[in-house]
Amino acid sequence: MVEIKKLLIIGCGNMGGAMLAGWLAAGYDPARFAVLDPALGDAPEGVALYRSPEEAETAGDHDAVLLGFKPQQLGALAPGLQSLTSEGVVVYSLLAGLTLAQLETAFPGARAHVRVMPNLASRINKSPIILLEKGLQPPERSIAYEFFDSLGTALWLDDEGQFDLVTALAGSGPGFVYRFIDALVGAAVELGLVREQAEALALSMVEGASALAAGETISPGELAERVASPGGMTREGLNVLDKDEALHKLLVETLQATAERGAQLSAGSD
Ligand SMILES: NC(=O)C1=CN([C@@H]2O[C@H](COP(=O)(O)OP(=O)(O)OC[C@H]3O[C@@H](n4cnc5c(N)ncnc54)[C@H](OP(=O)(O)O)[C@@H]3O)[C@@H](O)[C@H]2O)C=CC1
Ligand SMILES: O=C(O)[C@@H]1CCC=N1
């Protein structure tokens, strides 16, 4: 059985850093990770930091890499990463929009290629992690699943045609939720609350509402109905959001634009 004995994270910025922090918080030994990032300030204690592919190659002790740089950098960086991605190495990629076929072309020496789509809540082990692979043996699938599931909740996707859409929902999603919370706070401030108080209330409200919904068997839509007491206040607010399906249409447009950007990145857009 092939384990992930040592993972080399190539590009350890916001997302790679959040995942590394999540794995360490989950109890993984720091010695099982290394980072290749030319200008990163430092790596967590016990995690080797390399500044160039040559340095990482000299260490040469990884059996998997996690690509954590920008999708637009793949063409420029791939040639210099060939020796780090051959001889049985598995390539895990965070690169939004880039397909398994593109990863196979870029890293032909790798034993298997896996697309991984997490979000920033990996840092606190509460991220959905979407996985799609080509080349892993069944026992390795289980090992990969367990490894990424430690960052939250992993799931295998079968249809790559849906990858950009699930990326929009689960990967970009926190950005939309933060924008919603920020707008809610802004609205409360405009109507008379002090910002600090509005922000504290909004954050604890969202945390509780999300935790409740996650533990319930009824849908979020039904929960919304439960909040709206007959003849009460909430219905008036829901009526504003529901008018002409305003919120629904806005979110269809939001997810569509996000997913379409994945296709553009795949096509080589800057
Ligand atoms: N941010 C998010 O929530 C999510 C991001 N992703 C994916 O994660 C990837 C990274 O995104 P994100 O973390 O936001 O971006 P960041 O810019 O924060 O991270 C990219 C990292 O790669 C480093 N880097 C640049 N050039 C090289 C190089 N030649 N070799 C190694 N490392 C290099 C950057 O260093 P420097 O800053 O010095 O240039 C930076 O530390 C993207 O592919 C994105 O699609 C996926 C899911 C969610
Ligand atoms: O914005 C991006 O492209 C990445 C992918 C999902 C979240 N952030």
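Over how many bridges do β5 and strand β6 pair, and in which sense? Strands β5 and β6 (residues 112-117) pair in the parallel sense, over four bridges. The legends below describe this pairing and other parts of a predicted model.

**Figure 1. Overview of the predicted protein chain.**
The protein has 270 residues, and 29% of them are buried. Eleven helices and eight strands are found in the protein. The C-alpha trace spans about 70 × 35 × 35 Å along its principal axes. Of the contacts between residues at least 6 apart in sequence, 61% join residues at least 24 apart.

**Figure 2. Strand β1 (residues 7-10) and its pairing with strands β2 and β4.**
Strand β1 is covered on both faces. L7 and I9 lie on one side, L8 and I10 on the other, and all of these residues are buried. With strand β2 (residues 33-36), β1 pairs in the parallel sense over four bridges. L7 has F33 of β2 as its bridge partner. Between these two strands the chain passes through α1, and the β-α-β crossover from β1 to β2 is right-handed. β1 also pairs with strand β4 (residues 64-67), again in the parallel sense and over four bridges. Here I9 has L66 of β4 as its bridge partner.

**Figure 3. Strand β5 (residues 90-93) and its pairing with strands β4 and β6.**
V90 and Y92 point one way from β5, while V91 and S93 point the other way. All of these residues are buried. β4 pairs with β5 in the parallel sense over four bridges, and A64 stands opposite V90. In β6, the bridge partner of V90 is A112. The chain runs from β5 through helix α4 (residues 100-106) to β6, in a right-handed β-α-β crossover.

**Figure 4. The surroundings of ligand 1.**
There are 26 residues around ligand 1. The nearest of them are G11, G13, N14, M15 and A96. Helix α1 (residues 14-25) gives the most to this shell, with three residues. Sorted by class, the shell has 16 nonpolar, eight polar and two charged residues.

**Figure 5. The surroundings of ligand 2.**
A96, T167, G171 and S172 are the residues around ligand 2. This shell has one nonpolar residue, three polar residues and no charged residues. A96 is among the residues that come nearest to ligand 1, and A96 is also listed around ligand 2.

**Figure 6. Residues 7-26, a span annotated in UniProt.**
An unreviewed UniProt entry lists residues 7-26 as "transmembrane region". In the model the span is 60% helix and 20% strand. Its end C-alpha atoms lie 15 Å apart.

**Figure 7. Residues 160-265, a second span annotated in UniProt.**
The feature "domain: Pyrroline-5-carboxylate reductase dimerisation" is placed by UniProt at residues 160-265, in an unreviewed entry. Over these residues the chain is 80% helix and 0% strand. The end C-alpha atoms of the span are 15 Å apart.

**Figure 8. Helix α10 (residues 234-242) and the residue D244.**
Helix α10 has nine residues and is hardly covered. The count of buried residues in α10 is zero. D244 follows the helix and has a positive phi, near 55°.

Key:
Residues are numbered from 1 along each chain as its sequence is written. Chains are lettered from A and ligands numbered from 1 in the order in which they are written. This is a predicted model: local features need pLDDT of at least 70, side-chain atom pairs count only at pLDDT 80 or more; totals for chains, interfaces and linings use all residues. A residue is buried if 20 or more other C-beta atoms lie within 10 Å of its own, exposed if 12 or fewer, and partly exposed in between; C-beta atoms are placed from the backbone. A residue is near a molecule or strand if its C-beta atom, placed from the backbone, lies within 6 Å of it. Ala, Val, Leu, Ile, Met, Phe, Trp, Tyr, Cys and Pro count as nonpolar, Asp, Glu, Lys and Arg as charged, and the others, Gly among them, as polar. UniProt positions are given in the numbering used here, feature names are shortened, and annotations may be inferred rather than shown by experiment. Two strands pair if DSSP finds at least two bridges between them. A crossover is right-handed if, with the strands pointing away from the viewer, the path from the first strand over the helix to the second runs clockwise. Two residues are in contact if their C-beta atoms, placed from the backbone, lie within 7 Å.
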